[in-house]
2 protein chains.
Amino acid sequence: MPDTRPSPYFVLFNEIGIIHQLSRTLLEERLPDGLLSSHFGVLNHLVRVGEGTTPLAIARAFQVPKTTMTHTLGGCVKHGLIEMRPNPDDARSKCIWLTRKGREIRESMVAQAATGFEGFAEHFSEERIETLLPVLTEMRQFLDKARDAT
Amino acid sequence: MPDTRPSPYFVLFNEIGIIHQLSRTLLEERLPDGLLSSHFGVLNHLVRVGEGTTPLAIARAFQVPKTTMTHTLGGCVKHGLIEMRPNPDDARSKCIWLTRKGREIRESMVAQAATGFEGFAEHFSEERIETLLPVLTEMRQFLDKARDAT
DNA sequence: CCTCATTAGTACGATGTCGCACTAAATATA
DNA sequence: TATATTTAGTGCGACATCGTACTAATGAGG
């Protein structure tokens, strides 16, 4: 008789998928006009990691294919959030920089989004999140390596 | 001076998004021909929760819009994994049942997928996952309610 | 130098996702 | 009973995602 109980791993990835869905929707509801969570992610990434990185580096950071990042960055450019300059070290490549508007929009996005997660922050303290993050990060890194190994 | 450090909440949702990406890709690499992780999810759901539920109920379980689930279920039907029967209690509605083939495919999928997560299981014991799950489930439920409140 | 392989980015096509609008059925209200 | 409202599912259109194939530039090996 085959085991019909799903392993906790499937439950885990199922929950993660749903949380991803919900958080993305919740975030995008709070974002201005045509802005997507992917744009928000790029802006945050640039602020955190630093500007001047290349599209490929950003794609790797988010673990999405190059083509997807091309599309996403195109959206950011169209909204005037970033600008793409030629890479002085490599003529094939580009460098991504935030525009003034990009920085401003990002600030207001963080504020807007924060209000959307007020209740969330009440139920899940920063401390609790901080204890969760190392495990998730470790998971991400492991899956990342597993992907490279393919 | 504005705070440029992202709150742990954004990091959290960022990590979850990436893990979702990676786990989905990793899973689909192991799946036969045109089968997607969403199909796999539906099959697992039917086995776990029980057959005979309605498309809407499944959509709610996965927190995706009705239209998305219509599309996903259509794929499952096309692959001969499920069949949709009329709902005897409500002529508007349908009931979803696994076919014999669906059950068989699901079994082999679980086996196939399990091999893909062998290394993962080594690094992350079931016990560790079990301690993680309650928090994630709580999160999912909270976000779920927050969405309804909109 | 001169191939040849590799790499960064993109155009294109296929497909998944999802909001909107619609139909048909059920339910509430009068 | 008759009408209005709500609900389940779907067709359609817009768009994000991503694999394939391509161009241009770099680097490696002769």
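This tour moves through the structure from the pair of chains to the two DNA strands.

The model is predicted, so local features need pLDDT of at least 70 and side-chain atom pairs count only at pLDDT 80 or more, while totals for chains, interfaces and linings use all residues. Residues are numbered from 1 along each chain as its sequence is written, chains are lettered from A and ligands numbered from 1 in the order in which they are written, and side-chain values use heavy atoms, with hydrogens and water left out.

**The two chains**

Select chains A and B. A turn of 180 degrees with a shift of 0.0 Å along the axis lays chain A on chain B with an RMSD of 0.1 Å; the superposition is by least squares on the C-alpha atoms of residues with pLDDT of at least 70 in both. The two copies are thus related as by a two-fold rotation axis. To place that axis, select Ile16(A): its C-alpha is the nearest to the axis in chain A, at 3.2 Å.

Next, colour chain A by domain, with bounds that come from an automatic or database domain assignment. Domain 1 covers 19-116 and domain 2 covers 118-150. Their centres, taken over C-alpha atoms, are separated by 21 Å.

**DNA strand D**

Display the residues near DNA strand D (a heavy atom within 4 Å of the strand). There are 22, the closest being Pro55(B), Leu56(B), Lys66(B), Thr67(B) and Arg92(B). Sugar and phosphate make up 66% of the strand D atoms that come within 4 Å of the protein. By class, the surrounding residues are six nonpolar, nine polar and seven charged (nonpolar: Ala, Val, Leu, Ile, Met, Phe, Trp, Tyr, Cys and Pro; charged: Asp, Glu, Lys and Arg; polar: the others, Gly among them). Helix H4 of chain A gives the most to this surface, with four residues; helices are DSSP runs of H or I, at least four residues, numbered from the N terminus.

Zoom in on individual atom pairs. A polar backbone atom of Leu56(B) is 2.8 Å from a phosphate oxygen of strand D, and a backbone N or O atom of Ala91(A) lies 3.2 Å from a phosphate oxygen. At a base oxygen of strand D, select Thr67(A), which has a polar side-chain atom 3.5 Å away.

**DNA strand C**

Turn to DNA strand C, where Pro55(A), Leu56(A), Lys66(A), Arg92(A) and Ala91(B) come nearest among 22 residues. H4(B) is the main contributor to this surface, with four residues. Leu56(A) places a polar backbone atom 2.8 Å from a phosphate oxygen of strand C, and Thr70(A) has a polar side-chain atom 3.3 Å from a phosphate oxygen. Finish at Thr67(B), with a side-chain N or O atom 3.4 Å from a base nitrogen of strand C.

How values were computed
Polar contact = N/O pair within 3.5 Å; in protein donor to acceptor, adjacent residues only side chain to side chain. Helix = DSSP H or I, 4+ residues; strand = E, 2+ residues; numbered from the N terminus.
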